[in-house]
Amino acid sequence: MAAVDDLQFEEFGDAATALVANTDATTISIEDPDETPKHQPGPPRGSGREEDDELLGNDDSDKTELLAGQKKSSPFWTFEYYQTFFDVDTYQVFDRIKGSLLPIPGKNFVRLYIRSNPDLYGPFWICATLVFAIAISGNLSNFLIHLGEKTYHYVPEFRKVSIAATIIYAYAWLVPLALWGFLVWRNSKVMNIVSYSFLEIVCVYGYSLFIYIPTAILWIIPQKAVRWILVMIALAISGSVLAMTFWPAVREDNRRIALATIVTIVLLHMLLSVGCLAYFFDAPEMDHLPPATATPNQTVAAAKSS
Amino acid sequence: MAEAAESPGDPGTTSPRPLFAGLSDISISQDIPIEGEITIPVRSRSRESDSSTLNESVRNTIMRDLKAVGKKFMHVLYPRKSNTLLRDWDLWGPLILCVTLALMLQRGSVDGEKDGGPQFAEVFVIVWFGAVTITLNSKLLGGNISFFQSLCVLGYCILPLTVAMLVCRLVLLADPGPVNFMVRLFVVIVMFVWSIVASTAFLADSQPPNRKALAVYPVFLFYFVISWMILTFTPQ
């Protein structure tokens, strides 16, 4: 590889030297180096330095496309094609989950952890776990809230599992689809340096839902204040992961559209968590009210009848 | 005649020389039948046994299958590293277990409550689609176990949870209370751990070592959901 570098340095002069000196990756392309920064907005890889966005992204885009071609070479009707989406080891999945729990400002989740190897294992099983966590925690919390009442008969509420599954899986697949479509449409109008594939967006959304699993379990605590604090914390963490991931993708665009996109992403996320809290978990205070309102009515009725 | 046929490359020799004296030993004699099918003796013996399983009594057939299922139940109850479940897989055992579990878990149709426990079809679908999903997951991660072997193992390892369901139903006949619940909780937890240990003993070897945890976690989730359904079962 060093020999090729030397050859390229000697043949093409200053432009190539400046280009290759900025990155460690060696490119085998024989394209004109002056043209590459303009027409190859591939997915960026490597370190998180924002100023080297463009160069790193474009130099590695050749390698990325080569590797991507090598990886997904099987036709879509073979089993091997789908195996490429599950090509992750245990430590990689743990690293990605850790990355979704600890968003570091300036670090892009996709670039740092996914690195052109999006997997479907994480999104699918995190969503499955979340579905059952919400359904089971909701059931448990309702049971604990209504524990002392004589008229309450415990039911497992199994129907809510299918409702939860529909909501979570629809969110995890349809919102990335809409977002991807939107980004592709904006990309055709404004040249963006950073663009994500559909699977990478699904991956980010799937891993960002992980924080809701412990949140759902902690929602069993029947205190309204505790629940809302948990909502805020979870939203802050996963919302910031999503915002930091998608900000580079819309940064080049019209300021208002970029801001509107990020706000919509966070708003949808909040809608999901608040909606799940409202639907699956009974409010703890309302059930203490009926005995309180009953007694004044009884005293009024007693006063009227006497 | 036969000797002349046996020495075709012999130019111009009509009478057998001492050189070809051994040919008479291998010449075709008249009394071996050439027409009809030439069968290898082993093949004909197995064809005889095929027709004999057709002719055997129904009781024999059922008892043989039941014995195979029972042997696998024993392997699940005392899990050791053995290949029996994997080698001769069958889906009778999982079917029997799944139907028993679903029959016991379904809510009665007489109550008017809209929200209750699962229906028979819901339990059935959860068990079978859960097992298929776990199998697909383990194959996609690169495991070298076949589809039906994995279904077989996962189905058979529901046996401890079915036993837990029976015990829970018996315990529920007593008067309800916290003690009742504690007993059921303990039984379900023990059987849940037993199921996981049994299925991991069979399935863990089929995965590459750096992905074992990824393949085992869905099994954990699957048995956890079934245990939850058993624990929260309330008779109407």
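Modeller: Before we start, contact here means heavy atoms within 4.5 Å. This is a predicted model, so local features need pLDDT of at least 70, side-chain atom pairs count only at pLDDT 80 or more, and totals for chains, interfaces and linings use all residues. Residues are numbered from 1 along each chain as its sequence is written, chains are lettered from A and ligands numbered from 1 in the order in which they are written, and side-chain values use heavy atoms, with hydrogens and water left out.

Colleague: What share of the contacts in chain A with a separation of 6 or more comes from residues 24 or more positions apart?

Modeller: Take A:Val194 and A:Ala249, which sit 55 residues apart along the chain with their C-alpha atoms separated by 5.0 Å. For chain A as a whole, counting contacts with a separation of 6 or more, the share from residues 24 or more positions apart is 74%.

Colleague: How many helices and strands does chain A have?

Modeller: Helices (H or I, at least four residues) and strands (E, at least two) are DSSP runs, numbered from the N terminus. Read from the N terminus on, chain A goes α-α-α-α-α-α-α-α-α-α-α-α-α-α. The tally is 14 helices and 0 strands.

Colleague: What percentage of the residues in chain A is buried?

Modeller: Buried means under 20% relative accessible area, exposed over 50%, and partly exposed in between (1.4 Å probe, protein chains only). A:Val194, placed in the loop between α9 (159-189) and α10 (198-208), counts as buried because its relative accessible area is 2%. Over the 306 residues of chain A, the buried part is 42%.

Colleague: How far apart are the end C-alpha atoms of residues 257-281 of chain A?

Modeller: That span is one of those an unreviewed UniProt entry lists as "transmembrane region"; positions are in the numbering used here, feature names are shortened, and annotations may be inferred rather than shown by experiment. Another listed span, residues 197-222, is 69% helix and 0% strand, with its ends 41 Å apart. Residues 257-281 are 96% helix and 0% strand, and their end C-alpha atoms lie apart by 36 Å.

Colleague: And which residues of chain A does UniProt give for "domain: Yip1"?

Modeller: The span in question is 73% helix and 0% strand, and its end C-alpha atoms lie 16 Å apart. According to the unreviewed UniProt entry, the feature covers residues 101-273.

Colleague: How much area do chain B and chain A bury between them?

Modeller: The size of an interface is often given as the accessible area lost when the parts come together. Here it's taken with a 1.4 Å probe and summed over both parts. On the contact side, 31 residues of chain B touch 26 residues of chain A. Carbon and sulfur atoms carry 66% of the buried area, which totals about 2600 Å².

Colleague: Which element gives the most to the side of chain B that touches chain A?

Modeller: A polar contact is a pair of N or O atoms within 3.5 Å; within protein, one must be able to donate a hydrogen and the other to accept it, and residues adjacent in sequence count only if both atoms are side-chain atoms. Between the two chains, 10 residue pairs are in polar contact (both at pLDDT 80 or more). The elements giving two or more residues to chain B's side are α7 (120-140) and α11 (212-231) of chain B. With 10 residues, the one giving the most is α11(B).

Colleague: Which residue is linked with A:Asp87 and A:Asp89 in a network of salt bridges?

Modeller: A salt bridge is a side-chain nitrogen of Lys or Arg within 4 Å of a carboxyl oxygen of Asp or Glu, and the rule finds 2 of them across this interface. A:Asp87 has its partner's closest N at 2.9 Å from its O. A:Asp89 pairs at 3.1 Å, N to O, from the loop between α5 (79-83) and α6 (90-101) of chain A to the loop between α10 (178-203) and α11 of chain B. The partner counts as buried because its relative accessibility is 11%, and the residue joining the network is B:Arg211.

Colleague: Which residue forms a salt bridge with A:Arg96?

Modeller: A:Arg96 counts as buried because its relative accessibility is 2%. Its partner is buried too, at 1%. The closest N and O atoms are 2.6 Å apart, and the partner is A:Asp119.

Notes. Buried area is the accessible area (1.4 Å probe) that two parts lose on being put together, summed over both.
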